[in-house]
Amino acid sequence: MRASWTGTKSGIELLNSTEDSNRIGPVIIPYLPAGAGHLSAAQAVAESLEERGCFPELLDVTELGGQGTERFYVSAWNWILRHRLFGQLAFTIDAAIPVLGRIANRRAAGQAVLAAQHVLDTRRPAAVLATHWGAAHVFAGARRRSRHQLSLIHI
């Protein structure tokens, strides 16, 4: 008997039915290679799901969105970490004028959201477990546009 994850209103629930396992898609684990263990966390989650008979698929979101996504979510974050004063200024401006952050975020995630929507519509995953806030943001946008509704969890 194989186990699979499925989204419910109460969160993620482990199913122990072969019938359910056959109809439930993979668990997508999107990450961004931004350091701080995001890839390691994704690999650990995938290994744990495999041990439970699930079908995890790791997905580097920069491959979905290309250079713009990488620059905004990875390179810019690494720059902010190296230049903390400018980072604090950027977050202060974002708090004061949040529309600027939303515009920048939508622009950086645009291509990735469309590609993630394609992943959701074609792979029909049981759930998405993102290990980076940017990956969760991209898949939240994709879920809003997708025909396939599912659980999205940022871990």
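This section describes the sheet, the helices packed on it, one buried glutamine and two pockets. The model is predicted.

Four strands form an open sheet in the order 4-3-5-6, with parallel pairing. Its edges are strand 4 (56-60) and strand 6 (151-154), each of which pairs on one side only. Between neighbouring strands the turn averages 20 degrees, direction ignored. Strand 5 (residues 127-130) pairs with strand 6 in the parallel sense, over four bridges. Val128 has Leu152, in strand 6, as its bridge partner.

Two helices are described against this sheet. Helix 3 packs on the sheet and touches strand 3 and strand 4. The direction of helix 3 makes about 10 degrees with that of strand 4. Helix 2 (residues 38-51) lies across strand 3 (27-31), strand 4 and strand 5. With respect to strand 3, helix 2 runs at about 170 degrees.

The largest pocket has a volume of about 460 Å³. It is lined by 15 residues, and the closest to its centre are Phe72, Ile80, Phe91, Asp94 and Gly101. Helix 3 (61-82), helix 4 (84-96) and helix 5 (98-123) are the elements that give two or more residues to this lining. Helix 3 thus has two roles in the description: it packs on the sheet, and it contributes to the lining of the largest pocket. By residue class, the lining of the largest pocket divides into 11 nonpolar, two polar and two charged residues.

The second largest pocket holds about 180 Å³ of space. Helix 5 and helix 6 (133-145) each supply at least two of its lining residues. Helix 5 provides the largest share, seven residues. The lining includes Arg102, Asn105, Arg106, Ala109, Gly110, Val113 and Leu114. His137, Gly141, Arg144 and Arg145 also line this pocket. In residue class, the lining of the second largest pocket comprises three nonpolar, four polar and four charged residues. Helix 5 gives two or more residues to the lining of the largest pocket and at least two to that of the second largest.

Gln117 also belongs to helix 5. Its relative accessibility is 16%, under the 20% cut-off, so Gln117 counts as buried. Leaving aside residues up to four places away in sequence, Gln117 touches Ala142, Arg145 and Ser146. Of these contacts, Arg145 is also one of the residues that line the second largest pocket.

Methods. Residues numbered from 1 in each chain as written. Predicted model: local features only at pLDDT ≥ 70, side-chain atom pairs only at ≥ 80, totals over all residues. Heavy atoms only, no water. 1 Å grid on protein atoms, 1.4 Å probe; cavity = no way out; pocket = protein on both sides within 12 Å on 5 of 7 lines; lining within 4 Å. Points joined across faces, edges and corners; volume = space filled by probe spheres on them. Nonpolar A, V, L, I, M, F, W, Y, C, P; charged D, E, K, R; others polar. Buried < 20%, exposed > 50% of the residue type's maximum accessible area, 1.4 Å probe, protein only. Contact = heavy atoms within 4.5 Å. Pairing = 2+ DSSP bridges. Axes fitted to C-alpha atoms, helices over the stretch in contact; angles between N-to-C directions.
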